[in-house]
Amino acid sequence: MKLRLYNAILLRSADEPLCSGELRVDGGIIVGVGAPDKQFHADKEIDCGGNLLMSGFCNAHTHAAMSLFRGIADDLPLDKWLFDRVFPMEEHLTEEDIYWGTMLQVAEFVRSGITCFADMYFFIDAVHAAAKNANLCLALCCGSNSYSDYDIIEFLQKNYHKYSTLSDRVRYFPGLHAEYTCDEKLIADVADFAAESGAKTYIHLSETLKEVGECTVRHGGLTPPQYLHKLGFFDNGGLAAHCTYADKDDIALLKQCGVTPVINGGSNLKLASGVAPVAAMLSAGLAPALGTDGSASNNATSPFREMYLYSCLQKEALKDAAAVPAEEAIRAATETGYTALGFGGGALRKGNFADAVLIDLAAPNMHPASDLRKNLVFSADVSNVLMTVAGGKIVYDRGRYDIGESLDDIYSQCEKRRDRLRRQAAFV
C-alpha cells in the first residue's frame with residue numbers, strides 16, 4: 001500500500017533540523033521525506049494536523065510476556081525478585097501464556113510508539129506470532145542458562161537459521177541469560193557458535209554490584225565483561241543489557257569489542273540496582289541504546305519515561321545539568337537501537353522501514369513549543385502518541401488498535417493466566 005502522511009512537522013533524526021512536510025511510504029518502506037511530490041499517488045492519505053512525525057521507538061531490551069507478572073513481584077531486590085518470585089512462575093509458563101502475554105505487551109508498545117523490540121524470553125514462535133500481528137520489528141535474543149533442560153547449542157542453531165532468513169523485520173541473536181546463571185563451558189560453546197555463524201551475541205551484563213563482585217571472586221578478579229571477553233563471547237560484537245556497574249576499563253573493552261550497552265533506567269531504579277554510567281559511555285565513544293526490561297520489573301514500557309531517565313539520571317549523578325542532552329536520549333531511543341539490532345530504521349530517511357509515530361503537539365504539556373526536542377524528552381508521555389505506523393501499517397490511531405487481537409480478549413486471557421500462574425507458584 002502507498003501511504004502519504006502530510007501536513008506534519010518532521011523530526012527526521014535526533015540531530016537534523018525540524019522541517020514541515022510529508023512522509024511517503026510504498027510497500028512498508030519510506031520513499032520520500034520532506035517537500036510534497038505531485039508524482040506520488042497514495043492509496044491512503046492522512047493529514048497530520050501540524051503535529052510532530054518522527055521515527056518509531058526501539059525498545060532494545062525487554063521480556064514481553066512478563067507483562068503477565070506485572071504487579072506481583074514488586075518492592076523486592078533483584079535476587080529475591082528473580083529467584084523467589086519470577087523463576088517459580090516461569091516454571092509453569094506455556095506457549096499460549098507467552099503468546100497472550102506478548103500480545104498485551106504489543107498493545108502497550110504500539111500505544112507508546114514502539115515499533116521495534118528485542119525480546120529475550122521463552123517459546124519464541126509465540127513471541128514472533130504476536131509481533132507479526134502488529135508488524136513490529138522483532139529481534140529474538142536467546143536467554144538460555146545452565147538450568148535449561150535442552151540442548152542449547154542445537155536450539156540456537158535451529159532458531160538462528162530459521163529466523164535469520166524469515167523476514168527483513170526479524171533478527172535472531174544467540175545469547176545467554178547472564179554470567180551468573182551459566183557455566184563456563186556453555187558460555188564458551190555459545191561463543192564458538194557465534195564465531196562460526198558470524199553472529200552478534202546478547203546477554204544481561206553487570207546489572208548489580210553483587211553480580212560483579214561475585215564474578216570477580218569466581219574468576220580471578222575478572223569483571224563480567226572481562227570474563228566474557230576472555231571466552232570470546234563478544235568476538236563479533238553484540239548487545240549487553242544494563243551495564244549498570246561497568247567501570248572505565250569495562251567501558252573501554254565494550255567499545256573495543258563493538259558491544260552496544262542497552263540502558264534500562266526505570267527497571268534498575270525500581271530494583272535499586274544502580275545507575276548506568278551513560279555519560280562515561282558516551283565520552284568513550286559508545287552509543288548506548290534504550291530498553292525498558294520486562295513489565296515485572298519496570299512496570300511500564302514507556303520510551304518517554306526511559307528517555308527522561310536516560311538524561312536526568314546522569315545530570316544528577318554528575319551534578320551537571322548539561323550532561324546527556326535531550327538529543328542523546330532521542331538517539332538512544334530510536335536510531336541506535338535499530339542499528340544495533342540490524343534493522344534499517346530509527347530515522348525518517350528514504351529507504352528505511354516506514355516505522356513512525358505521530359506526537360500530539362496540541363496537548364498542554366507540549367506548550368509553549370520553545371524546543372520540540374526538549375519537550376519530547378522532558379515533557380511528553382505516552383498520552384501524546386496519536387498514531388503508530390509499523391512497516392507502513394497503521395497499528396494504533398487515537399485509541400483504535402490493529403494488532404490482530406481485540407483488547408478485551410487480550411485482557412481476559414492475561415488475567416486468567418496470571419491467576420493460574422500465581423496458584424501454581426503458590427503465591428497468595
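These are my notebook entries on strands, a sheet, salt bridges and one buried glutamine in this structure, which is a predicted model.

**Entry 1, the strands at the start of the chain**

I began with strand β1 (residues 2-11) and found that it pairs with strand β2 (residues 19-26) in the antiparallel sense, over seven bridges. To fix the register I looked up L5, whose bridge partner in β2 is L23. I then followed β2 to its pairing with strand β3 (residues 29-34), which is again antiparallel and runs over five bridges. Here I noted that E22 stands opposite G34 in β3. The hairpin of β2 and β3 has two residues between the strands, and in this hairpin G27 takes a positive phi near 65°. E22 came up a second time when I turned to charged side chains, since R4, E22, R24 and E45 are linked in a network of salt bridges.

**Entry 2, the parallel sheet**

Next I looked up the open sheet of four strands, whose order is β6-β7-β8-β9 and whose pairing is parallel. Its edge strands are β6 and β9 (170-173), each of which pairs on one side only. I also noted the twist: neighbouring strands of this sheet are turned by 15° against each other on average, with direction ignored. Within the sheet I checked strand β7 (residues 114-119) and strand β8 (residues 137-141), which run parallel and are joined by four bridges. For the register here I recorded D119, whose bridge partner in β8 is L140. Helix α3 packs on the sheet, where it touches β7, β8 and β9, and its direction makes about 170° with that of β8.

**Entry 3, salt bridges**

The structure holds 25 salt bridges, and I looked at individual pairs among them.

The side chains of K162 and D125 meet in a salt bridge at 3.1 Å, N to O. This pair links distant parts of the chain, with K162 in helix α4 (residues 152-163) and D125 in helix α3 (residues 124-133), 37 residues apart. I noted K162 as partly exposed at 38% relative accessibility, and D125 as partly exposed with a relative accessible area of 37%.

The side chains of K270 and D74 also meet in a salt bridge, at 2.7 Å from N to O. Here too distant parts of the chain are linked: K270 lies in helix α9 (residues 265-270), whereas D74 lies in the loop between β6 (57-62) and α1 (78-90), 196 residues apart. K270 has a relative accessible area of 30% and is therefore partly exposed, while D74 counts as partly exposed at 25% relative accessibility.

I added the pair of E16 and R12, which form a salt bridge whose closest N and O atoms are 3.8 Å apart. E16 counts as partly exposed because its relative accessibility is 24%, and R12 is partly exposed with a relative accessible area of 22%.

**Entry 4, Q105**

Last I looked up Q105, which lies in helix α2 (residues 95-112). Is Q105 buried or exposed? Its relative accessible area is 0%, so I entered Q105 as buried, the cut-off for that word being under 20%. Which residues is Q105 in contact with, once its neighbours within four places in sequence are left aside? I listed A64, S67, S295 and T301 as the contacts of Q105 on that basis.

Conventions. Residues numbered from 1 in each chain as written. Predicted model: local features only at pLDDT ≥ 70, side-chain atom pairs only at ≥ 80, totals over all residues. Heavy atoms only, no water. Buried < 20%, exposed > 50% of the residue type's maximum accessible area, 1.4 Å probe, protein only. Contact = heavy atoms within 4.5 Å. Salt bridge = Lys/Arg side-chain N within 4 Å of Asp/Glu carboxyl O. Pairing = 2+ DSSP bridges. Axes fitted to C-alpha atoms, helices over the stretch in contact; angles between N-to-C directions.
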